[in-house]
Amino acid sequence: MTPTSTSTENSQILSTTRGAGDPNCQYCKGLGYVRQDLAIDHPDFGKLKICVCRQNEINQREQTRLFAFSHLSELKELTFGNFEPRGRIGLGEHQASSLELAHNQAKQFAQTQQGWLLLRGAYGCGKTHLAAAIANFAVELGVKTLFITVPDLLDSLRYSYHNSSETNFEDRFEEIRRSPLLILDDFGTQNATPWAQEKLFQIINFRYINKLPLVITTNLDLDQIEGRIRSRLEDPELVTRAHIQAPDYRRPMDAIGYHELSSLSLHGSQLFETFKFRKNEGLNEKLSKNLEKAYKAAENYANQPKGWLVFTGTYGSGKTHLAAAIANKQASLGKPPLFVVVPDLLDHLRATFNPNSLVPYDRRFDEIRTSQLLILDDLGTQSMTPWVKEKLYQLFNYRYSGQLPTVITTSDELDDMDPRIRSRLLDTRLCKIFAIQAPPYTGKQH
């Protein structure tokens, strides 16, 4: 291969790059470009090619540009070396195991860079750390890597329409979808306009067809993702999925990982071990046995939540303590349920109607009704407006149809309830009702 400047075009190129290469290079003699010795009918005959002595420099420059575009300099400390595979002390086994599995899958992906990796989990669970660790690992190997949050990706595409942009839309779009390794962080936090949905689908579908490596992090469930994209993420031959159950690492006081709507942290002392059978209060044998029966039902349910469990009784009879004991037992196993007082639940739903709410109503309602274990405390204390009646019926009917584990406490008589809800509570195939007959707990001894 020898340099040449026989054509006017080639001469202009060489003159502007003279000295760009290695002066000691045996191929380009410092010019930076060479022309291959090819047959005259070869499609590349006469074309200049970057010399090998400059290729590494160009690759490094391109990687630096992508590094800056990806803001990876801000995430350079996020590596596999400083990731805690089983999380901090205090995580339940289920939570720690899910984190360790995701860590192992991320390391495997980083080493092979084949297929897709989908990292799911709540905010702060470690998804972005693992995704950034993959990116930093790949960059160290010299792989051109694009790491970008989905909202930033869409903003960069929108900006490329402007005349002031250094890169036009077509070039930017091609760069993103053809990137040797693409990592999309925070998928689902974007404003889901039709245009945004279409661009994301085009990017993901292109990489799906061409089997290009892709990493996606999201806090969405699969059924919350647009159908065309979801179908590609469900391809078991291409996609490795990891669901991290760990809580927000940035909230050390919440080591167990309570749901943000849950008030269980206020009931930390209400355990099975601290439950009072109140024998010193002078309860007669009938009331004592009734209380013991309710306790045993709660204890059995806590070990294997299945179906519905309802505690009725007057205020202070022990209903909430037993419901909280169930919740705390599950939390100790790394499966914290959603424990919420019914009026508070409705307030959380109303809050989503605020224009400044970061969570849309549909997502909030869906995460409540699909909760792995839902514990509704003080049903009946809410104000029964038509809207409230409808929301509660929708919630109960969804969990009834799906036979999802649910615990309910109420001081209402069944006859006072909405008949649509009452009919579901009376289904003995799914629901067990325990009426606690003990009077309000006073702590006084007799």
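**View 1. N290, a buried residue of helix α9.** In this predicted model, N290 is buried, at a relative accessible area of 15% (buried means under 20%, exposed over 50% and partly exposed in between, with a 1.4 Å probe and protein chains only). Its home is helix α9, residues 285-303 (helices are DSSP runs of H or I of at least four residues, strands runs of E of at least two, numbered from the N terminus). Follow the N290 side chain and you arrive at the backbone oxygen of A435, 3.0 Å away. Leaving aside residues up to four places away in sequence, N290 touches A435, I436, Q437 and A438 (contact means heavy atoms within 4.5 Å).

**View 2. Two buried cysteines, C125 and C431.** The relative accessible area is 4% for C125 and 5% for C431. Searching the whole structure turns up zero disulfides (pairs of cysteine sulfur atoms within 2.5 Å).

**View 3. The largest pocket, about 1300 Å³ in volume.** Among the 40 residues lining this pocket, G121, A122, N219, H259 and E367 are the closest to its centre. Two or more lining residues come from each of α3 (93-112), β3 (116-121), β7 (239-244) and α12 (361-369). The largest share, three residues, belongs to α12. A pocket here is an open set of points on a 1 Å grid over the protein atoms alone, where a 1.4 Å probe fits, with protein on both sides within 12 Å along at least five of seven lines; lining residues have an atom within 4 Å of a point. Its volume is the space filled by probe spheres set on the points, which are joined across faces, edges and corners.

**Notes.** Residues are numbered from 1 along each chain as its sequence is written, and side-chain values use heavy atoms, without hydrogens or water. Local features need pLDDT of at least 70 and side-chain atom pairs 80 or more, while totals for chains, interfaces and linings use all residues.

Key:
A polar contact is a pair of N or O atoms within 3.5 Å; within protein, one must be able to donate a hydrogen and the other to accept it, and residues adjacent in sequence count only if both atoms are side-chain atoms.
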